[in-house]
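User: I'd love a close look at one part of this protein, its nonpolar core. Could you walk me through it and how the rest is arranged around it?

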Amino acid sequence: MTCIICDGSTLSRDCPVAPFYALRTGVTTATMETCESCGFTFYLPRITDEQAASLYDGYRDERYCRERAALEPGYTPDLNAALSLPRVYDFDAASILDYGGGDGRHIPPGADRYVYDLSGEAPVPGVRRWGGEHVALVMCCHVMEHVADPRALMAHLLTLGDAVYIEVPHEGAGGLLHEHINIFTPAALGILTGAPVTVTPFTFTATASPIPS
Ligand SMILES: [Zn+2]
């Protein structure tokens with residue numbers, strides 16, 4: 001297999017599929033591919049649009065959390081809340097699109113704010129649903145690790161605004177196919193974006209709490 005970021009050759013090994021991922025996508029066998037050149041890791045088979053729609057249906061709503069927690073006891077309401085915590089961004093841009101930004105809650109104020117998200121969630125006050133407007137800045141945070149074709153998404157984002165901000169988790173490949181189907185290294189992200197990569201550690205905390213019934 002060749003790397004979907006840099007076209008280098010990959011090392012392949014069989015890996016298990018997380019039960020919730022299997023339930024929603026129907027995928028039961030997978031391999032993990034690690035690029036010998038840029039270190040990028042990705043899982044096969046690649047997710048289809050139909051499977052993604054099923055996997056992210058009602059993402060993090062009450063039913064989603066209950067179904068996932070039943071299969072993944074660590075997926076607690078507290079963990080889910082921690083993943084949705086406000087983040088502090090200080091962008092100097094007149095207009096901002098958050099691509100894949102849920103309800104748009106993470107877009108800093110002071111700009112014309114737009115959100116695009118497959119979930120179709122209603123935007124928070126002050127944020128408009130994106131209708132194709134060209135913007136000064138496109139932010140795309142914690143999306144790239146979920147998509148089947150990061151290069152295609154990157155190329156698309158570059159057509160939407162004057163600048164693009166990409167944020168992905170700095171995580172190791174766990175050898176388990178779950179919703180993060182792309183594990184980036186700084187080198188891989190640099191090749192994808194063609195820009196210098198800054199690694200800024202961010203830690204969230206979560207405590208155990210009862211699984212919703
Ligand atoms: Zn590579």
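User: Which residues have the most contacts inside the largest nonpolar core, and how many residues does that core have?

Analyst: Happy to help. Please keep in mind that this is a predicted model, in which local features need pLDDT of at least 70, side-chain atom pairs count only at pLDDT 80 or more, and totals for chains, interfaces and linings use all residues. Residues are numbered from 1 along each chain as its sequence is written.

The largest nonpolar core has 39 residues, and I5, F40, V138, C140 and A188 are those with the most contacts inside it. A nonpolar core here is a set of buried Ala, Val, Leu, Ile, Met, Phe, Trp, Tyr and Cys residues joined through C-beta atoms within 7 Å. A residue is buried if 20 or more other C-beta atoms lie within 10 Å of its own, exposed if 12 or fewer, and partly exposed in between, with C-beta atoms placed from the backbone. Two or more residues each come from β2 (30–35), β3 (41–44), β4 (95–99), β5 (112–116), β7 (135–141) and α6 (186–193). β7 gives the most, with five residues. Helices (H or I, at least four residues) and strands (E, at least two) are DSSP runs, numbered from the N terminus.

Let's zoom in on F40. Leaving aside neighbours within four places in sequence, F40 is in contact with C3, I5, C35, F184, T185 and A188; contact means C-beta atoms, placed from the backbone, within 7 Å.

Now for the sheets. One is an open sheet of four strands in the order β1-β2-β3-β9, with antiparallel pairing (two strands pair if DSSP finds at least two bridges between them). Its edges are β1 (10–15) and β9 (182–183), each with a single partner strand, so one side of each has no neighbour in the sheet. β3 and β9 run antiparallel and are joined by two bridges, and F42 stands opposite N182 in β9.

The other open sheet has five strands, ordered β6-β5-β4-β7-β8, with parallel pairing. Here β6 (127–129) and β8 (161–167) are at the edges, each with a single partner strand, so one side of each is left without a neighbour in the sheet. Three bridges join β5 to β6, which run parallel, and V115 stands opposite R129 in β6.

Stepping back, the protein chain has six helices and nine strands. Buried residues make up 27% of its 213 residues. Of the contacts with a separation of 6 or more, 56% are between residues 24 or more positions apart.

How values were computed. Two residues are in contact if their C-beta atoms, placed from the backbone, lie within 7 Å.
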